[in-house]
Amino acid sequence: MTLERDDNFFMQEALKEAQKAAFENEVPIGAVLVLNNKIVARSHNQTELLKDVTAHAEILAITSAASEYGIKFFDDFVLYITLEPCVMCAGALRWARIGKIVYATDDPKAGFSLYNKNILHPKTILEKGPGENESKNLLQDFFKNRRKKIKI
């Protein structure tokens, strides 16, 4: 029996990564990189852990896969991400020539589309996918809890 793996399945896996990030006190963003219907890399934000502002989920996923597979271009890969990429990540995804990006929710404060919708590689397919409510709720709860901790 073969499991049907679709956008819902892969976004749920990305959301699991986002939940790991929240548990680790990182901004809850998760990503999975898929090739031929198989997850080849998974990651979540680790900027606090690594003390590195570039340690976003998308960057870590492509870095991991590049190292594992000895490649630098990802034309046949799909990246599932819980939040619209920022400008930095969109630029990295452009240079990686990512084939397709599926994201769960828009980033109205720092999403790349606020600045330049053409930053992605011209052949990259961009889709808003499933998981919007789950991703939004995770982010809102995280920042609500962070604000409470700061006030104490």
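A salt bridge here is a side-chain nitrogen of Lys or Arg within 4 Å of a carboxyl oxygen of Asp or Glu. Keep that in mind, since much of this tour runs along such pairs. One caveat before setting off: what you're looking at is a predicted model.

Start with the overall layout. The protein has five helices and five strands, and if you walk along the sequence you meet them in the pattern α-β-β-α-α-β-α-β-β-α. The radius of gyration is 15 Å, close to the 15 Å that the globule rule gives for 152 residues, so the protein is as compact as a globular protein of that length. Along its principal axes, the C-alpha trace spans about 50 × 40 × 25 Å. Of the 152 residues, 43% are buried. Among the contacts with a separation of 6 or more, 59% come from residues 24 or more positions apart.

Now for the outside. The accessible surface comes to about 8800 Å², and carbon and sulfur atoms account for 52% of it. As for charge, there are 21 positive and 20 negative side chains, with the centres of the two sets 5 Å apart.

For a look at how a helix packs, go to α4, residues 87-95. Cys 89, Ala 90, Gly 91 and Leu 93 are buried there. What do the buried residues of α4 pack against? Their partners are α3 (57-69), β3 (78-83) and β4 (100-105). After α4 comes Arg 97, which has a positive phi, near 55 degrees.

Back to the charges. Side chains of opposite charge can pair when their charged atoms come close. A search of the whole structure turns up eight salt bridges, and a few of them deserve a closer look.

Take Glu 17, which sits in helix α1 (residues 7-23). Is Glu 17 buried or exposed? Its relative accessibility is 2%, and because anything under 20% counts as buried, Glu 17 falls in the buried class. Leaving aside residues up to four places away in sequence, Glu 17 touches Gly 30, Ala 31, Arg 42, Ser 43 and His 44. Glu 17 also meets the side chain of Lys 20 in a salt bridge, at 2.9 Å from N to O. The two are three residues apart in helix α1, which means about one helical turn separates them. Unlike buried Glu 17, Lys 20 is partly exposed, at 39% relative accessibility.

Next stop is Lys 128, which forms a salt bridge with Asp 106, their closest N and O atoms being 3.0 Å apart. Lys 128 lies in strand β5 (residues 125-128) and Asp 106 in the loop between β4 and β5, so this pair ties together parts that are 22 residues apart in sequence. Both ends are partly exposed: Lys 128 at 37% relative accessibility and Asp 106 at 35%.

Lys 128 has another partner too. Glu 132 forms a salt bridge with Lys 128, with 3.1 Å between the closest N and O atoms. At 27% relative accessibility, Glu 132 is partly exposed as well.

Shared partners also matter for the Glu 17 group: which residues do such salt bridges join into one network? They are Glu 13, Lys 16, Glu 17, Lys 20 and Arg 42. Arg 42 was already on the list of residues that Glu 17 touches, and Lys 20 is the partner we saw in helix α1.

Note on methods:
Residues numbered from 1 in each chain as written. Predicted model: local features only at pLDDT ≥ 70, side-chain atom pairs only at ≥ 80, totals over all residues. Heavy atoms only, no water. Buried < 20%, exposed > 50% of the residue type's maximum accessible area, 1.4 Å probe, protein only. Helix = DSSP H or I, 4+ residues; strand = E, 2+ residues; numbered from the N terminus. Contact = heavy atoms within 4.5 Å. Rg over C-alpha atoms; globule rule 2.2 N^0.38 Å. Areas by Shrake-Rupley, 256 points an atom, 1.4 Å probe, with all protein chains shown as cover. Lys, Arg positive; Asp, Glu negative; His and termini not counted. Charge placed at Lys NZ, Arg CZ, Asp CG, Glu CD.
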